[in-house]
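Colleague: I would like to learn how to read the features of a model like this one. Could we go through them in turn, with the general idea before the case?

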Amino acid sequence: LKQSIAEVFRRHTRCSLAMAFSASTVLAVCAPQSYFIASLGVAAAIVFANLGAAYGTAKAGAGIATMGIMRGDMVMRSLIPVVMAGVLGIYGLITAVIINGKLDKPDTLSAYTAYALLGAGLCVGMSSAAAGYAIGIVGDIGARCNALANGKLFVGMILILIFAEALGLYGLIVGLVVTASSVEHGAGLCTSYLS
């Protein structure tokens with residue numbers, strides 16, 4: 001019985017080594033859907049960033065319009081949240097253009113690169129959406145309260161808006177880092193599906 005167990009183990013080990021050798025020398029074929037997955041990263045970056053920018057602009061704009069009835073002289077100073085919300089859309093645009101620039105060879109795009117580009121797009125888009133939500137609420141209530149306080153809350157409102165905008169900027173930085181390294185790390189993981 002001991003000899004038969006040892007013999008089975010030897011045969012199994014030899015077979016596993018042969019399979020490991022053959023798996024390491026043959027590359028898988030790149031999946032055609034990898035281009036679609038990476039393109040979802042482009043869409044996620046621009047769509048979610050623009051959703052955040054639109055919400056922030058609409059919410060802050062409603063507050064500014066309401067405040068303008070009470071204090072029309074403070075309307076121009078209160079437009080800062082609208083400008084900051086608009087910058088979030090630019091974050092999504094920058095990321096979408098950079099990700100799209102990485103999609104020049106769809107036949108050799110590995111799944112690693114595709115999912116990394118999708119993650120980068122989601123990171124920027126969702127961070128910008130969250131920042132737009134925060135900017136919209138602070139811009140709405142802050143503009144109204146600043147008018148009632150005769151401008152004494154302006155500096156505090158601007159500081160809160162800066163930290164809300166920083167959330168989108170953090171997402172942009174992480175998204176750009178992931179995008180920059182994705183093609184390099186994902187290169188050579190598969191062969192072209194055209195050959």
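Modeller: This is a predicted model. A short case comes first: the side chains of R71 and D73 meet in a salt bridge, with N and O 3.1 Å apart.

Colleague: What is the general idea behind such a pair of side chains?

Modeller: Side chains of opposite charge can pair when their charged atoms come close. In the case of R71, the residue is partly exposed, at 23% relative accessible area. Its partner D73 is exposed, at 58%.

Colleague: How many salt bridges does the count come to?

Modeller: The count comes to three salt bridges. Another of them is formed by the side chains of K59 and D140, at 3.5 Å from N to O. K59 belongs to helix α2 (residues 34-70) and D140 to helix α4 (residues 111-148), so this pair ties together parts that lie 81 residues apart in sequence.

Colleague: Are K59 and D140 buried or exposed, or in between?

Modeller: K59 is partly exposed, with a relative accessible area of 30%. D140 counts as buried because its relative accessibility is 7%, and the cut-off for buried is under 20%.

Colleague: Which residue forms a salt bridge with D140 at 2.9 Å?

Modeller: That residue is R144, and 2.9 Å is the distance between the closest N and O atoms. R144 and D140 are four residues apart in helix α4, which means that about one helical turn separates them. R144 counts as partly exposed, at 32% relative accessibility. Salt bridges with shared partners join K59, D140 and R144 into one network.

Colleague: What about a charged residue without such a partner? Which side chain of opposite charge is nearest to E165?

Modeller: The nearest is K59, 17 Å away. E165 is buried and has no salt bridge. Its place is in helix α5.

Colleague: Which residues is E165 in contact with, leaving aside neighbours within four places in sequence?

Modeller: The contacts of E165 are M84, A85, V87, L88, Y91 and I135.

Colleague: Let us turn to cysteines. What is a disulfide, in general?

Modeller: A disulfide is a covalent bond between the sulfur atoms of two cysteines. For this structure the count comes to one disulfide. C30 and C190 form it, with 1.9 Å between their sulfur atoms. The link of C30 and C190 is right-handed, with 85° about the S-S bond. The pair links distant parts of the chain, 160 residues apart: C30 is in the loop between β1 (28-29) and α2, and C190 is in strand β2 (residues 190-191).

Colleague: Are C30 and C190 buried or exposed?

Modeller: Both C30 and C190 are buried. As for other cysteines, C123 counts as partly exposed at 23% relative accessibility, and C145 is partly exposed with a relative accessible area of 33%.

Colleague: Next, the surface. Which residues form a nonpolar patch there?

Modeller: The idea is to look for nonpolar side chains that lie together and are accessible; the cut-off for a patch is over 30% relative accessible area. Here L167, L169, Y170, I173 and V177 form such a patch on the surface, and together they have about 470 Å² of accessible area. One of them, I173, is found in helix α5 (residues 154-186). I173 counts as partly exposed, at 46% relative accessibility.

Colleague: Which residues does I98 touch, not counting those up to four places away in sequence?

Modeller: I98 touches L176 and T179. I98 lies in helix α3 (residues 80-101) and counts as partly exposed, at 34% relative accessibility. The C-alpha atoms of I98 and A180 are 8.8 Å apart, although 82 residues separate the two along the chain.

Colleague: Finally, the chain as a whole. How many helices and strands are there?

Modeller: The protein chain has five helices and two strands, in the order α-β-α-α-α-α-β along the sequence. Of the 195 residues, 36% are buried. The chain exposes about 10800 Å², of which carbon and sulfur atoms supply 73%.

Colleague: What share of contacts between residues at least 6 apart in sequence joins residues at least 24 apart?

Modeller: That share is 87% in the protein chain.

Key
Residues are numbered from 1 along each chain as its sequence is written. This is a predicted model: local features need pLDDT of at least 70, side-chain atom pairs count only at pLDDT 80 or more; totals for chains, interfaces and linings use all residues. Side-chain values use heavy atoms; hydrogens and water are left out. Patches are made of residues with over 30% relative accessible area and no salt bridge: like charges are joined within 9 Å, nonpolar side chains (Val, Leu, Ile, Met, Phe, Trp, Tyr) within 5 Å. Accessible areas come from the Shrake-Rupley method with a 1.4 Å probe; for residues, only the protein chains shown count as cover. A salt bridge is a side-chain nitrogen of Lys or Arg within 4 Å of a carboxyl oxygen of Asp or Glu. Buried means under 20% relative accessible area, exposed over 50%, partly exposed in between (1.4 Å probe, protein chains only). Lys and Arg count as positive and Asp and Glu as negative; His and the chain ends are not counted. Contact means heavy atoms within 4.5 Å. A disulfide is a pair of cysteine sulfur atoms within 2.5 Å.
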